[in-house]
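The exercises that follow ask the reader to work from the coordinates toward a statement about packing, one step at a time. Each task is followed by a worked solution.

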Amino acid sequence: MTDPVVQFERVNKWFDNGLHVLRDIDLRVQSGERIVICGPSGSGKSTLIRCINALEQYQEGRLTVAGHLLDGGEGATAAVRREVGMVFQQFNLFPHLTVLENLTLAPRWVGQLSAAEANERAMAQLERVRIAEQAHKYPLQLSGGQQQRVAIARALCLQPRIMLFDEPTSALDPEMIKEVLDVIVDLAGQGMTLLCVTHEMGFAKAVADRVVFMDEGQIMEEAPPADFFGNASSERAREFLSKVLGH
Amino acid sequence: MAAPMSFIDARPPPARRPDARSWLRENLFSSAGSTLATLLFAALLAWAAAVVLGWAVVHAVWVADADECQAARGIGACWGVIAEKGRLILLGRYPADESWRPVTATVLLLGLVVASCNRRLWNSWLALLWPAVSALYLWLMGGGAGLSRVATDLWGGLPLTVMLTVASLALAFPLAIVIALGRRSTMPAVRTLCIAYVELVRGVPLISVLFMASFMFPLFVPPGHSPDVLVRVVIGITLFAAAYMAEIVRGGLQSVPRGQVEAAASIGLTWWQAQRKIVLPQALAAVVPPIVNNFISLFKDTSLVTIVSLYELTGALSLALDSDPNWRPFKAEGYLFIAAIYFVFCFAMSRYSLRLEQRLARSHGR
């Protein structure tokens, strides 16, 4: 078995206000694996994946991503961010730049590509999320679903090995959820390593290799979707499932 | 029991634009009271217009004849004072036979400012043009290399007002951005320094900054090593303006959501790249109105340099008229003249700010 592409070893994190938000996290993700992370709000799921691209710092333990030990050093942080793409709940597109400019920013300034190369790559990613015809619009002229697909394309522009999704459909109108999930399913089919925080349990069943269930900063369960949805071992997980699946 | 639900009557569709007659009837003559008020105010307006026009145009003296002006005092304006003293008011004590130099220099400088306001011209040669035009300005005004020398204490009038404003703003704006970023820095030393600077400078009136720059500063440096008074004053105004502008820029920085910085970090941009490409463009676009407000107030505040014996537009007016008993009585006309000049500049800035806001809103698709 090869080395995991993401490896948490007894990682602990406290917020500035003293809240112990991650407790003894151990998690190994192999290249090409698709992980869905779920759990009640405030359980630390977002914080967990935000640690992977160093948007959050942890205080104890070791976190290795794509062969780099994340220890707060700038070199490792920069290296990891080139390997990891992230999609946010609120899209976080840059409103003052066109769709195309949103996408070419990283290839040009981080990847050192020429303008022509960056444009070419950006257009290819826009094709991939099926939105190339909107390249010259501004983000706020697009629908929520379109914006989120642009955000996915932007994250793909540095050709990352790992993609993080932080509740990518939670801010969307119901009829737009599918167009975004379809794009993520496509990515999953192409062998991308994928960690996704979501409450879309149908998506988890269809795509995930493993479901990670968190509560109060701890990983309570870690199991293939069939086992997790079929017979979750912890009381908390069963309670959670009855709530999200019950309606 | 009340009716469960009832429809309210549909409102009539909005009326088409009324023609002038129905507009008049509706807005000015809708009732006896309204008609009375309309007539009363119309009469008042007509009377005021007649008084002003009578003074400013009909009975005004247009030629530079002091006796004629004296005869018309209280009845008509003496615009002759502008004809007689115009050059002194506009150019101050600058040598009369070299007047083309401040005029050319100021036209060049204003041309550069206007060009810089046009986004289509923003490219690298415009950035090179700034030091080039500044050097040309200093050469034309100060002389040397073929032109006779003119000491800075002879510079005055509108060229000085324009130069003080443009130089202070061009220097203060970048400084303000640096201080604003510094105030939000995670490094305690940088942050403390920037906070201390802003609080210190904001706690002092501009006049005392000018006094310090012109009178006190030379006391602390060896004689002969103090830079020219004009340089000291420009630096003083710059440091003063930067403190206020930094707070405006900081407000803009705070209006940019955290998610923007996180997204920039997540695609690998460094802190500086994120500030330059993502945060500042949005932050500055958000604070165009207060920034221009600040520019306008600074433009007018340059009149305070009269206190330290630099005769910019306002100072030059007093200089031109106070020493001449024949024309001194007509200072009001002089003030109206320079008020019109100040207004043209400020109004231009305000209109530009409005256009900029509209363009930014449009280009962001809001």
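**Exercise 1: a helix pair in chain B**

Identify the residues through which α4(B) and α7(B) meet, and decide how the two helices are oriented relative to each other.

Solution. In this predicted model, the residues B:Ile89, B:Leu90 and B:Leu91 of α4(B) meet B:Gly157, B:Leu158 and B:Pro159 of α7(B). Sorted by class, this contact holds 5 nonpolar residues, 1 polar residue and no charged ones. For the orientation, one takes the axes of α4 (residues 80–91) and α7 (residues 157–183) of chain B, which come within 3 Å and cross at roughly 25°. Angles under 35 degrees count as roughly parallel, and α4(B) and α7(B) are therefore roughly parallel to each other.

**Exercise 2: the two domains of chain B**

Describe how domain 1 and domain 2 of chain B touch, and state which elements supply the domain 1 side.

Solution. The starting point is the division of chain B into domain 1, which covers 80–94 + 150–363, and domain 2, which covers 99–149. Taken over C-alpha atoms, the centres of these two domains of chain B are separated by 18 Å. The next step is to count contacts, which gives 12 residues of domain 1 of chain B against 14 residues of domain 2 of chain B. On the domain 1 side, the elements that give two or more residues are α4 and α7 of chain B, and the largest share, 5 residues, comes from α7(B). By class, that side of domain 1 divides into 11 nonpolar residues, no polar ones and 1 charged.

**Exercise 3: the span and surroundings of α6(B)**

Check the span of helix α6 of chain B against its expected value, and then find what covers its buried residues.

Solution. Helix α6(B) runs over residues 124–142, and its 19 residues, at 1.5 Å a residue, should span 27 Å; the end C-alpha atoms lie 28 Å apart, which agrees. Within α6(B), B:Tyr137, B:Leu140 and B:Met141 are buried. The cover over the buried residues of α6(B) includes α5 (100–116) and α7 of chain B. After α6(B) comes B:Gly143, whose phi is positive, near 85°.

**Exercise 4: the contact between chains**

How many residues does each chain bring to the contact of chain B with chain A, and which classes make up the chain B side?

Solution. Chain B brings 18 residues and chain A brings 22 residues. On the chain B side, α11 (258–266) and α12 (271–286) each supply at least two residues. By class, the chain B side comprises 7 nonpolar, 8 polar and 3 charged residues.

Methods: Residues are numbered from 1 along each chain as its sequence is written. Chains are lettered from A and ligands numbered from 1 in the order in which they are written. This is a predicted model: local features need pLDDT of at least 70, side-chain atom pairs count only at pLDDT 80 or more; totals for chains, interfaces and linings use all residues. Axes are lines fitted to C-alpha atoms, for helices over the stretch in contact, and angles run from 0 to 180 degrees between N-to-C directions. Helices (H or I, at least four residues) and strands (E, at least two) are DSSP runs, numbered from the N terminus. Angles under 35 degrees count as roughly parallel, over 145 as roughly antiparallel, 65 to 115 as roughly perpendicular and the rest as oblique. Two residues are in contact if their C-beta atoms, placed from the backbone, lie within 7 Å. Ala, Val, Leu, Ile, Met, Phe, Trp, Tyr, Cys and Pro count as nonpolar, Asp, Glu, Lys and Arg as charged, and the others, Gly among them, as polar. Domain bounds come from an automatic or database domain assignment. The expected span of a helix is 1.5 Å times one less than its number of residues. A residue is buried if 20 or more other C-beta atoms lie within 10 Å of its own, exposed if 12 or fewer, and partly exposed in between; C-beta atoms are placed from the backbone.
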